[in-house]
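Me: I have a structure open here and would like to go through it with you. Could we take it question by question?

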Amino acid sequence: MMWSLVFLFDYVLHHICRTVFLLFSRNSEVNLSVIGPYVDYLTEKQGIKGIFVNGTTGESMSLSVAERKDLAEEWCLRAKGRMDNVIIHVGCMSLKDSQDLARHAAEIGADGIAVISPSFFKPRTADALRRFLQEVASAAPTLPFYYYQIPSFTGVNVPVRDVIEDIEKLIPSFRGVKFSGSDLLDFGQCVSYSQPHWSVLYGVDEQLLAGLAMGANGAVGSTYNYMGCYVNQMISAFETKDLVKARTIQFKIQELVRYAIKLGFDIGVNKQLMTEVSGLHLGPPRLPVMPCSPDLAQLIIQKYQSIFV
């Protein structure tokens, strides 16, 4: 079975989703014209059927609320009939901005919303974080709601298992977690507690196979922009119990990521890799993220080709 991002209310399918890159022109203005070809590439070349818009890969925290609305609206428009689901990340440092984006996501026909923890004034407890999430969800009560955990960026290490305890009493629309941390103890406890209509999605690309073994319902990742077809093969192998093949593919992904990390892997580098592999003109990242040098990009592309081509 080919995985795609499918958030369902009465049962859960395995699925793979990718977080889309922010699209800039050369002068760092948002470039909406690339979204149509981007959708074509993801569906036709990578077998991706779900997208996570305005997340970390999409540099959402470097965007204005107006820019995030423009991007969300265009992605929903272009993906309609092509993607199974479009999930919009609406988390901000400001509660009011998050609520504004949540309402907008409902208005434009998004299939769900996700929210990251504030990271300047950080919630110190699960209760504080739950109350923030509740206030955002209340602005779009009919949309499926997902908590997006990524402690390496937010610095918020509140156990997700504590956050989701009886969460539907506070957020009736709660439908799952995008778990982008490496704590498999916490992740496993989330899977164990998960309700039948939830999705617990793993977001550490180079450790996805471990997440699947722990019971992940699916995956959301940035490298799936250019490795989605291989990840689909890994998932198919896992489902058919061909663990040798699944491990072989995961080890290849790890080899590339490890090599890139040694050279200095960040959002700017990841974005340039997507540009080189896809041929799409995604533009540079927005400051303070620095663009990837051509020489560095070529070294990683050569490694990519030696592993996968």
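**A walk through the predicted model**

Me: Let's begin with Asp40: what is its relative accessible area, and how does it count?
Reply: Happy to start there, and do keep in mind that this is a predicted model. Buried residues are under 20% and exposed ones over 50%. Asp40 falls in between because its relative accessible area is 30%, so it counts as partly exposed.

Me: Which residue forms a salt bridge with Asp40, with the closest N and O atoms 2.8 Å apart?
Reply: A salt bridge needs a side-chain nitrogen of Lys or Arg within 4 Å of a carboxyl oxygen of Asp or Glu. Asp40 lies in helix α1 and its partner in the loop between α2 and β3, so the pair ties together parts that are 42 residues apart in sequence. The partner is itself partly exposed, at 30% relative accessibility. With closest N and O atoms 2.8 Å apart, that partner is Arg82.

Me: Which residues are joined with Arg82 into one network of salt bridges?
Reply: Besides its bridge to Asp40, Arg82 forms one with Glu44, where the closest N and O atoms are 3.6 Å apart. That second pair also links distant parts of the chain, with Glu44 in helix α1 and Arg82 in the loop between α2 and β3, 38 residues apart. Glu44 counts as exposed at 57% relative accessibility. Salt bridges that share partners thus put Arg82 in one network with Asp40 and Glu44.

Me: How many salt bridges does the structure hold?
Reply: Another one to look at is Glu168 with Arg175, whose closest N and O atoms are 3.6 Å apart. Glu168 is partly exposed at 26%, while Arg175 is buried at 15%. For the whole structure, the number of salt bridges is ten.

Me: Which residues of helix α1 are buried?
Reply: Helix α1 spans residues 35–45, and just after it Gly47 takes a positive phi of about 70°. Buried means under 20% relative accessible area. The residues of α1 that meet this are Ile35, Tyr38, Val39, Tyr41, Leu42 and Thr43.

Me: Are the residues of strand β2 buried or exposed, and which way do they point?
Reply: Strand β2 covers residues 50–53, and every one of them is buried. Ile51 and Val53 point one way, and the other way point Gly50 and Phe52.

Me: Which residue in β3 stands opposite Phe52?
Reply: β2 and strand β3 (residues 85–89) run parallel and are joined by four bridges. Together with helix α2 (residues 65–79), the two strands make a right-handed β-α-β unit. Opposite Phe52, in β3, stands Ile87.

Me: What is the phi of Glu59?
Reply: Glu59 sits in the loop between β2 and α2. Glu59 counts as buried because its relative accessibility is 4%. Its phi is positive although the residue is not glycine, with a value near 55°.

Me: And where is Asp166 found, and what is its phi?
Reply: Asp166 is found in the loop between α6 (160–163) and α7 (167–170). At 34% relative accessibility it counts as partly exposed. Here too the phi is positive in a residue other than glycine, near 50°.

Me: How many disulfides does the structure hold?
Reply: A disulfide needs two cysteine sulfur atoms within 2.5 Å. The number of disulfides in the structure is zero. Take Cys92 as a case: the nearest cysteine sulfur is 16 Å away, and it belongs to Cys76.

Me: Which residues make the nonpolar surface patch of about 510 Å²?
Reply: One of its members, Phe120, lies in the loop between β4 (112–116) and α4 (126–137). Phe120 counts as exposed because its relative accessibility is 66%. The patch is made by Met61, Met93, Phe120 and Phe121.

Me: Which two residues does a cis peptide bond join?
Reply: One of the two residues lies in the loop between α12 (267–278) and α13 (294–308), and that residue is Pro288. Omega of the bond is about 15°. The cis peptide bond joins Leu287 and Pro288.

Technical notes
Residues numbered from 1 in each chain as written. Predicted model: local features only at pLDDT ≥ 70, side-chain atom pairs only at ≥ 80, totals over all residues. Heavy atoms only, no water. Patch = residues over 30% accessible without salt bridge, like charges linked within 9 Å, V, L, I, M, F, W, Y side chains within 5 Å. Areas by Shrake-Rupley, 256 points an atom, 1.4 Å probe, with all protein chains shown as cover. Buried < 20%, exposed > 50% of the residue type's maximum accessible area, 1.4 Å probe, protein only. Pairing = 2+ DSSP bridges. Right-handed = clockwise from strand over helix to strand, strands pointing away.
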